[in-house]
Amino acid sequence: MTGERVKTHVLVMCLASTVALAQPAQPSLVAAPLEVEPNPSLNKHELGMRNAYFTMVELDSGAIVTSKRETETALTETKRQDFRDSDEALAQLAVKAKTLYALHAWTDLTTGKQLTLHGRVVRDDGKAMGAAVVQAPLKGEKPDKVMKKLAKELLEQLKLGALPAQKEVAVVPPPVETPPVEVTKDPPPDFVPPPPPPLVDPIV
């Protein structure tokens with residue numbers, strides 16, 4: 001390899017390293033399984049809807065998503081199922097999955113055949129980081145196909161990829177040192193002897 005080629009190779013490697021360093025880190029995320037409200041029109045499509053939802057989370061969330069196996073392990077260790085109502089449960093799931101955020105979503109079908117998807121994300125310390133609701137009519141389409149569209153819209157609204165990749169650290173200002181106060185004692189007053197007793201004439 002000639003000297004010019006070596007220089008070019010080194011320059012390309014440096015540029016590649018600079019670009020890699022400039023790219024922002026992605027937040028880590030665990031997605032709880034999609035919760036499907038019991039409905040005769042949805043029951044037989046539940047597995048397909050869950051798979052469609054998880055696939056979109058993996059592809060379009062903008063976050064580093066734990067695998068299904070890792071998620072199942074975290075769910076087993078968490079021993080909680082109340083993710084819809086409890087931010088604490090979602091925070092525990094994030095801790096067990098060793099991610100910064102946990103996502104939960106559930107879906108139901110309205111009387112007007114509107115498929116609704118509700119979702120929210122919670123940080124591992126229990127802080128709510130966002131929530132959204134999206135809706136679309138079935139119009140004769142398969143629920144799993146509509147779920148794909150809804151999941152994409154939900155993720156766009158939650159903006160998971162824009163969440164901080166690391167938890168902010170509270171900056172504690174250094175303590176202000178107060179200089180010791182010097183107490184100045186007044187000098188003792190000069191000693192003044194008491195006046196002599198008055199002179200009394202002797203009694204004759």
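Which residues does Leu 103 touch, not counting residues up to four places away in sequence? Read on to Figure 2 for the list.

**Figure 1. The whole chain at a glance.** This is a predicted model, where local features need pLDDT of at least 70, side-chain atom pairs count only at pLDDT 80 or more, and totals for chains, interfaces and linings use all residues. Residues are numbered from 1 along each chain as its sequence is written, and side-chain values use heavy atoms, with hydrogens and water left out. The protein has 5 helices and 6 strands; these are DSSP runs numbered from the N terminus, with helices being H or I of at least four residues and strands being E of at least two. Follow the sequence and you get α-β-β-α-β-α-α-β-β-β-α. Of its 204 residues, 32% count as buried, where buried means under 20% relative accessible area, exposed means over 50%, and partly exposed is in between (1.4 Å probe, protein chains only).

**Figure 2. Leu 103 and its company.** Here's the answer: Leu 103 touches Leu 29, Val 30, Ala 31, Ala 32, Tyr 53, Val 57, Leu 90, Arg 120, Val 121, Leu 155, Leu 158 and Leu 160. Contact means heavy atoms within 4.5 Å.

**Figure 3. Inside the largest nonpolar core.** A nonpolar core is a set of buried Ala, Val, Leu, Ile, Met, Phe, Trp, Tyr and Cys residues joined through side-chain atoms within 4.5 Å. This one has 34 residues, and Leu 29, Leu 103, Leu 115 and Leu 117 touch the most other members. Strand E1 (28-31), H2, E4, E5, E6 and H5 each chip in at least two residues, with the largest share, 7 residues, coming from H5. Apart from this core lies another, of 13 residues, including Val 30 and Phe 83. In soluble globular proteins, nonpolar side chains tend to be buried together.

**Figure 4. Helix H5, residues 143-158.** With 16 residues at 1.5 Å each, H5 should span 22 Å, and its end C-alpha atoms are indeed 22 Å apart; the expected span is 1.5 Å times one less than the number of residues. Among its buried residues are Met 147, Leu 150 and Leu 154. Their cover includes helix H2 (46-60) and strands E4 (101-109), E5 (114-123) and E6 (128-137). Right after H5 comes Lys 159, with a positive phi near 50 degrees.

**Figure 5. Gly 62 in its loop.** Gly 62 sits in the loop between H2 and strand E3 (64-65). With a relative accessible area of 33%, Gly 62 is partly exposed. Leaving aside neighbours within four places in sequence, Gly 62 is in contact with Gln 26, Pro 27 and Gly 161.
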